[in-house]
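Got your viewer open? Let's take a walk through this structure, one selection at a time.

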Amino acid sequence: MTRHDIGRAPAWRPRVLPALTLASALCATDAFAQDRPLTINDRQYFEKRGLNVLVFTNEYNGMFFDEKTAGVEIIHHGVRTATGGAVRLSPTPEQWDQIPKVADRKVDPQSNTIEVTLRYEAFGFDSRLVVTPDGAGFNLAVLVDKPVPADLEGRAGLNLEFRPSRYWERTYLVDGRPGTFPRYPAGPTTSLPPGKKIRQFEGYSTFDLHGHPDYVEALPIASGQTLLMAPEDPERFVTIRSLSGDLQLLDGRNLAQNGWFVVRTLLATKTTGKVAEWHVEPHTIPGWTRTPVIGFSQAGYHPSQPKRAVIELDANDTPFPTASLIEIRPDGRHVEKMKAEARPWGRYLRYNYVVADFSSVEDPGLYFIQYGAQKTGAFPIATDVYDRVWHPTLDVFFPVQMDHMFVNEGYRVWHGVAHLDDAVQAPLNRQHFDGYRAGAETNTPYKPGERIPGLAVGGWFDAGDFDIQGGSHAMTVSSLVATWEAFRPQRDQTLVDQGLRFVDIHRQDGKPDVLQQIEHGALQMAAQYRSIGRLVRGIVDGELHRYHHLGDASTQTDNLIYDPSLKPYESDGRRSGTPDDRWVFADSSPFSNYSGIGALAAASRALRGFNDSLAAECLALAKKAYAEERARPAPAAPQTGFAAMFGQTAELAAVMQLMTATKEQLFLDRFNELVWPALDRNAAMTLQLAARAIPVMDSAYATKLRPYVEKYKTELGGMLQQNPYGVPIGTRGWAGNSQVIGWATTNYYLHKAYPDLVGKGLVTRGLDYIFGTHPAHNYSFVSAVGNRSKRVAYGNNRADFAFIPGGVVPGVLVLKPDYPENMDDWPFLWGENEYVIDIGASYVFLANAAQELLGK
Ligand SMILES: [Ca+2]
Ligand SMILES: [Ca+2]
Ligand SMILES: [Ca+2]
């Protein structure tokens, strides 16, 4: 069994239907459903009971390239097991390999066919991928009007990728020959000269030649005409038969830990028309119905807060009328405490929902929820449920993310001192990876390749990767300062020694950990302002093959200053001839600079009395940089996209922090000048900032702000109806837990100032969502917080299928058109599972806010 199935009844066991009804149901409805071929539904994908086939409802994008969320995809008994069905140019495509563009897509319900035209512009290569239901499955064919280009012969193939964690511990048959899906990659591979390699993103290479001539490709682990995958498992069984050419089964993990099992047929060459064709038949279980997901808070509930279980149901499921809250008594007996109506909510995305409200139960104790025969894990109702939920984030997640430090925990070293060779000015005119780019100016006082002094200090690894991102640092520092100023948490469970670059987890040193983290962020940001005069876009590897590093952060670079007089891999013990020192990218955007200025001003307040010299320097740097930025001609505020959302409030946020730090009239006036137009433009984005200024402003300010809060409250009503969870669920390519936390935090500030307008329930609802009351499954999105939580995630230890305690993942990604997903057995989808520092900091704030509001 996989983790996904733990605690759930086997999906194919019929539930609580009288024998007669069941028999007739199987004869009529289910037998019919089983025989019914795949048909195109009104959401433009192929559907039959237990099976969906998506054909480029999701496309590859140019930002992160292959995210394993595009192409022909199979949702098999509710689980997206296959992705990347397309013409691909390598046996086991990696994230930064060439991706096809969709030049055309035709959905034809008349002929029950979906056809996409795929284009590789760099090769002038077009092909058509045609999906047509056939028998119990479908045919997948590739057609070309012109022969495959000569340089892609033997390279272009029809690929389909299967999620390893859904197939390992299972077997396959290839033309009757048995095999077991490898639990861990074990070859075979072959070494090829670089001339054979298809150009990757912007000419970068994911492969480190490391002084040797050849790169590596995966060879098939099996090949033949007919492949039966997991024939022993009715939920996973798929048959693929090639109608032209051999099928190959490959293991992409031999090249990259995030690779999938790939089934592939090379396209026929020097010919036109059909150049590859498969018959694919995923087995379906008659009358299959997805097991309900009972969404609830894995961390439990404060007695006085609302307690809503949101139950997610298959569209074919018939809801039970009630759900029960069962108390686990001190004598061990299980006693039904309350039977709540399972109130139909309706449809959201592809599922139906019912909501059971247990709010009236306020007695402290241990409970679980029973719905039909299904029982959830146990959870507490107690006055102290929020006391400790943020500790793993502050005690473990943040220390593990600390750059330029050695981080120890008990017998375990998380990583050694990293990136002592930071950093050099990035080259000009470069489209880099991870969203970095350089134009014609460095925007710093340094020449390309020149060393920028003082940067090997402080800072955190941005996320599951190891770069230092300016923007997320600013948000993190500002958020940690907000926590310090609002709640003054004195918690001290971490020793931080900046002089020795040493961190010891679970070891007191007499200093509040929040302040030590603020100091660590401020040290890096102050270094940037000291040597460059602005917040940098980031500090990141120059080479793609170092950027995707998995392992100890201290081995990402050699920690030695680059010296071009030495040969690559040569060292005198202090310098080395390997040009691996990280690059500094700076842009000229005032918006990111303002966010850095605001964070420095905030840090200066928190650090006063803790590190006075750093506090004073942070404020001086912030004021100087603000004056410089204001003296520059202001570019037009971006009107669309991410920059518009943050750009337009960036200066306001900086001024709010400077005003709070200095009380100077200059900043008070500027704040008044900016805040009202910003509220008129986008109140939802501005209200949190505006409310945070209330203690600094006069009472007339709070009165003037009130109508905006009233309007927000009205708009909230509509938002709360958009999904059964009653929180804003984002639909972008990076899942939206951060927005949920931000929304609940705004509600906290508004509740503090206008308790008659915004209730406490809108603060805890955000946490209920994070802790398990959400679509797809019911694990807590904070690793090691709540009874069951994310046990694999996209931290920098993801190759070990592990987690970092206290890390908060992005959450539920809504794949078009209607599939909410958060993989719980496969850590490698960053949009679902990547911990990021700023969401960690904002989570610490929200958890403290809930604790303060509800009290003991
Ligand atoms: Ca990054
Ligand atoms: Ca401490
Ligand atoms: Ca180096």
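Start with the calcium ion called ligand 3: along the sequence, its donor residues follow the spacing D-x136-D-x1-L-x19-D-D. Keep in mind as you click that this is a predicted model.

Select D421 and D558, a pair that brings together distant parts of the chain, 137 residues apart. D421 belongs to the loop between β31 (412–415) and β32 (424–425), while D558 sits in the loop between α5 (544–547) and β39 (561–562).

Now show every donor of ligand 3. D421, D558, D580 and D581 each offer an OD atom, and L560 gives its O. These donors lie 2.2 to 2.3 Å from the calcium ion.

Go back to D421 and switch on a surface. Is D421 buried or exposed? D421 has 0% relative accessibility, so it counts as buried. Move over to D558: at 25% relative accessibility, D558 counts as partly exposed, because buried would require under 20%.

Next stop, the calcium ion called ligand 1. Which residues supply its protein donors? Pick out D434, D462, D465, D467 and Q469. D465 and D467 are each listed with two OD entries, and Q469 takes part through NE2. Here the distances to the ion run from 2.3 to 3.0 Å. In sequence, the donor residues read D-x27-D-x2-D-x1-D-x1-Q.

Zoom in on D434 and D462, 28 residues apart and again a link between distant parts of the chain. You'll find D434 in the loop between β33 (430–431) and β34 (437–438), and D462 in the loop between β34 and β35 (468–469). D434 has a relative accessible area of 8%, so it is buried. D462 counts as buried too, because its relative accessibility is 7%.

Time to zoom out and colour by secondary structure. The protein chain has 15 helices and 43 strands. Its C-alpha atoms fill a box of roughly 75 × 75 × 55 Å along the principal axes. How does that fit a compact globule? With 856 residues, such a globule would have a radius of gyration near 29 Å, and the chain's 28 Å agrees.

Switch to the surface view for the last stop. About 32,400 Å² is exposed, with carbon and sulfur atoms supplying 53% of it, and 60% of the 856 residues count as buried. Finally, colour by charge: there are 86 positive and 97 negative side chains, and the centres of the two sets lie 3 Å apart.

Conventions: Residues are numbered from 1 along each chain as its sequence is written. Chains are lettered from A and ligands numbered from 1 in the order in which they are written. This is a predicted model: local features need pLDDT of at least 70, side-chain atom pairs count only at pLDDT 80 or more; totals for chains, interfaces and linings use all residues. Side-chain values use heavy atoms; hydrogens and water are left out. Helices (H or I, at least four residues) and strands (E, at least two) are DSSP runs, numbered from the N terminus. The radius of gyration is taken over C-alpha atoms; the globule rule is 2.2 Å times the number of residues to the power 0.38. Buried means under 20% relative accessible area, exposed over 50%, partly exposed in between (1.4 Å probe, protein chains only). Accessible areas come from the Shrake-Rupley method with a 1.4 Å probe; for residues, only the protein chains shown count as cover. Lys and Arg count as positive and Asp and Glu as negative; His and the chain ends are not counted. The place of a charge is taken as NZ of Lys, CZ of Arg, CG of Asp or CD of Glu. Donors are N, O and S atoms within 2.8 Å of the metal (3.2 Å for Na, K and Ca); water is not among the atoms, so sites may look incomplete.
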